[in-house]
Amino acid sequence: MARLLLLNGPNLNLLGSREPTLYGTETLEAIEQRVTALARESGHELLAFQSNAEHELIERLHRARSESVAFVIINPGAFTHTSIALRDALLATGLPFIEVHLSNPQAREEFRRHSYFSDIAVGVVSGLGAFGYEAAVRAAALRLSRKP
Ligand code: DQA
């Protein structure tokens, strides 16, 4: 059994009603419930946390170190394109992570094309809607089962 931490950044609490043509109609709560169950099926525990505040996401990552979290799945929202501090927090934990985006930022505005996370991520899932979270949990479980 391993512990996974799912982090969602700013405005993702509005999923379901926020620009549904881009981000879908499913709420974050529904996504979290689904991927928590999926992680459990694979024998893992998933902790979910969302915040609109950069420092809260950073502090949640700091706490993960003492909670035996083995893997992080993160949709940093707009912090993807701005936050060196959140990048540094991930590097400080030393935890492997997958970056998830519901939309495909590469196919959107120029300012979304740069990510402060992709070059240090295990992988990036984008453009697949809420299924991206599921894909990330499955990939994390596979990776954790391969570890000695
Ligand atoms: C997002 C893409 C970001 O550019 C945007 O700021 C978000 C959501 C996505 O999931 O597609 O808030 O991370």
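Is Ser 68 buried or exposed? I would like to open with that residue, and I should say at once that what we are looking at is a predicted model. Ser 68 has a relative accessible area of 56%, and because the cut-off for exposed is over 50%, we call it exposed. It belongs to the loop between helix 3, residues 54-66, and strand 3, and its phi is positive, about 55°, although Ser 68 is not a glycine.

There is another residue of this kind, Glu 19, where phi is near 30°, again a positive value in a residue other than glycine. Glu 19 is placed in the loop between strand 1 and helix 1, the latter covering residues 20-23, and with a relative accessibility of 44% it counts as partly exposed.

Let me turn now to the strands. Strand 1, which takes in residues 3-8, is mostly covered, with five of its six residues buried. It pairs in the parallel sense with strand 2, residues 45-50, over six bridges, and if you want one position to look for on the screen, Leu 6 has Ala 48 in strand 2 as its bridge partner. Strand 1 is also joined by six bridges to strand 3, residues 69-75, and these two strands likewise run parallel; here Arg 3 stands opposite Val 69 in strand 3.

If we follow the chain on from strand 3, we come to the loop between that strand and helix 4, residues 84-93, and in this loop we find His 81 as well as Thr 80. Thr 80 has a relative accessibility of 1% and therefore counts as buried. In sequence Thr 80 is 71 residues apart from Gly 9, whereas in space the two are 8.9 Å apart, C-alpha to C-alpha. His 81, at 16% relative accessibility, also counts as buried, because the cut-off for that word is under 20%. A polar atom of the His 81 side chain lies 3.0 Å from the backbone oxygen of His 114.

His 81 brings me to the ligand, since it is one of the residues around it. Others in that set include Tyr 23, Asn 75, Gly 77, Ala 78, Leu 102, Arg 108 and Arg 112. Where does the ligand sit? In this model it sits in the largest pocket. Several side chains place polar atoms by its oxygen atoms, and I will take three of them in turn. For Arg 18, a polar side-chain atom lies 3.0 Å from an oxygen atom of the ligand. For His 101, an N or O atom in the side chain is 2.8 Å from a ligand oxygen. For Ser 103, the corresponding distance from a side-chain N or O atom to an oxygen atom of the ligand is 2.6 Å. On its own the ligand has 320 Å² of accessible area, and the protein covers 99% of that.

I will finish with Phe 111, which lies in the loop between strand 4, residues 97-101, and strand 5, residues 123-126. Phe 111 has a relative accessible area of 53% and is therefore exposed. Its C-alpha is 9.6 Å from that of Thr 82, while in sequence Phe 111 and Thr 82 are 29 residues apart.

Definitions and conventions
Residues are numbered from 1 along each chain as its sequence is written. This is a predicted model: local features need pLDDT of at least 70, side-chain atom pairs count only at pLDDT 80 or more; totals for chains, interfaces and linings use all residues. Side-chain values use heavy atoms; hydrogens and water are left out. Buried means under 20% relative accessible area, exposed over 50%, partly exposed in between (1.4 Å probe, protein chains only). Helices (H or I, at least four residues) and strands (E, at least two) are DSSP runs, numbered from the N terminus. Two strands pair if DSSP finds at least two bridges between them. A residue is near a molecule or strand if one of its heavy atoms lies within 4 Å of it. A polar contact is a pair of N or O atoms within 3.5 Å; within protein, one must be able to donate a hydrogen and the other to accept it, and residues adjacent in sequence count only if both atoms are side-chain atoms. Accessible areas come from the Shrake-Rupley method with a 1.4 Å probe; for residues, only the protein chains shown count as cover. On a 1 Å grid over the protein atoms alone, a cavity is a set of points where a 1.4 Å probe fits but cannot get out, and a pocket is an open set with protein on both sides within 12 Å along at least five of seven lines; lining residues have an atom within 4 Å of a point. A molecule sits in a cavity or pocket if more than half of its atoms lie within 2 Å of its grid points.
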